[in-house]
Amino acid sequence: MARFGPRDWRQQGAQYVIRHTLRDVGADSYLRERGTSTDEAEPLADGLESPWSDLWFYSNPVFVRVR
């Protein structure tokens, strides 16, 4: 849906924040965020790469309630 890079983050106190508006959401739902330290859009099969130069994270679900 969207990609964010280092220039998109804004510092608010001790936290770093990115804001994104979801449009045309017609029903309650949930989403998960996935992030990486690489330019890959999808994680590749594990091989002999360094786990520290190829970091990925997956969030817990974020629930969206339509108003």
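These legends go with an overall view and several close-ups of one predicted protein model.

The model is predicted, so local features need pLDDT of at least 70, side-chain atom pairs count only at pLDDT 80 or more, and totals for chains, interfaces and linings use all residues. Residues are numbered from 1 along each chain as its sequence is written, and side-chain values use heavy atoms, with hydrogens and water left out.

**Figure 1. The whole protein, built with strands and no helices.**
The protein has 6 strands and 0 helices. Read from the N terminus, the order is β-β-β-β-β-β. The radius of gyration is 15 Å, well over the 11 Å that the globule rule gives for 67 residues, so the protein is more spread out than a compact globule. Helices (H or I, at least four residues) and strands (E, at least two) are DSSP runs, numbered from the N terminus. The radius of gyration is taken over C-alpha atoms, and the globule rule is 2.2 Å times the number of residues to the power 0.38. Along its principal axes, the C-alpha trace spans about 45 × 30 × 20 Å.

**Figure 2. Surface, charge and contacts of the whole protein.**
Of the 67 residues, 7% count as buried. Buried means under 20% relative accessible area, exposed means over 50%, and partly exposed lies in between (1.4 Å probe, protein chains only). The accessible surface comes to about 6,600 Å². Carbon and sulfur atoms hold 52% of that surface. Accessible areas come from the Shrake-Rupley method with a 1.4 Å probe; for residues, only the protein chains shown count as cover. There are 9 positive and 10 negative side chains, and the centres of the two sets lie 12 Å apart. Lys and Arg count as positive and Asp and Glu as negative, while His and the chain ends are not counted. Each charge is placed at NZ of Lys, CZ of Arg, CG of Asp or CD of Glu. Among contacts between residues at least 6 apart in sequence, 46% join residues at least 24 apart. Contact means heavy atoms within 4.5 Å.

**Figure 3. Confidence along the protein.**
The mean pLDDT is 84, and 93% of the residues reach 70 or more. Here pLDDT is the predictor's confidence in each residue, from 0 to 100. Confidence is lowest in strand S5 (residues 56-58), at a mean of 83. Confidence is highest in strand S1 (residues 10-12), at 94.

**Figure 4. Close-up of Trp9, in the segment before S1.**
Trp9 is partly exposed, with a relative accessible area of 43%. Not counting residues up to four places away in sequence, Trp9 touches Tyr16, Val17 and Ile18. Arg32 sits 23 residues from Trp9 in sequence, and 18 Å from Trp9 in space, C-alpha to C-alpha.

**Figure 5. Close-up of Asp24, in a loop between two strands.**
The loop runs between strand S2 (15-17) and strand S3 (29-31). Asp24 counts as exposed, at 81% relative accessibility. Look at the backbone here: Asp24 has a positive phi of about 55°, although Asp24 is not a glycine.

**Figure 6. Close-up of Ser29, in strand S3.**
Ser29 is partly exposed, with a relative accessible area of 37%. Leaving aside neighbours within four places in sequence, Ser29 is in contact with Val62, Phe63 and Val64. Pro61 is 32 residues from Ser29 along the chain, and their C-alpha atoms are separated by 9.7 Å.

**Figure 7. Close-up of Thr36, in strand S4 (residues 34-36).**
Thr36 is partly exposed, with a relative accessible area of 29%. Not counting residues up to four places away in sequence, Thr36 touches Asp54, Leu55 and Trp56. Thr36 and Ser53 lie 17 residues apart along the chain, with their C-alpha atoms separated by 9.5 Å.

**Figure 8. Close-up of Ser59, in the loop between S5 and strand S6 (62-64).**
Ser59 is buried, with a relative accessible area of 15%. Not counting residues up to four places away in sequence, Ser59 touches Arg32 and Glu33. Arg34 is 25 residues from Ser59 along the chain, yet their C-alpha atoms are separated by 6.4 Å.
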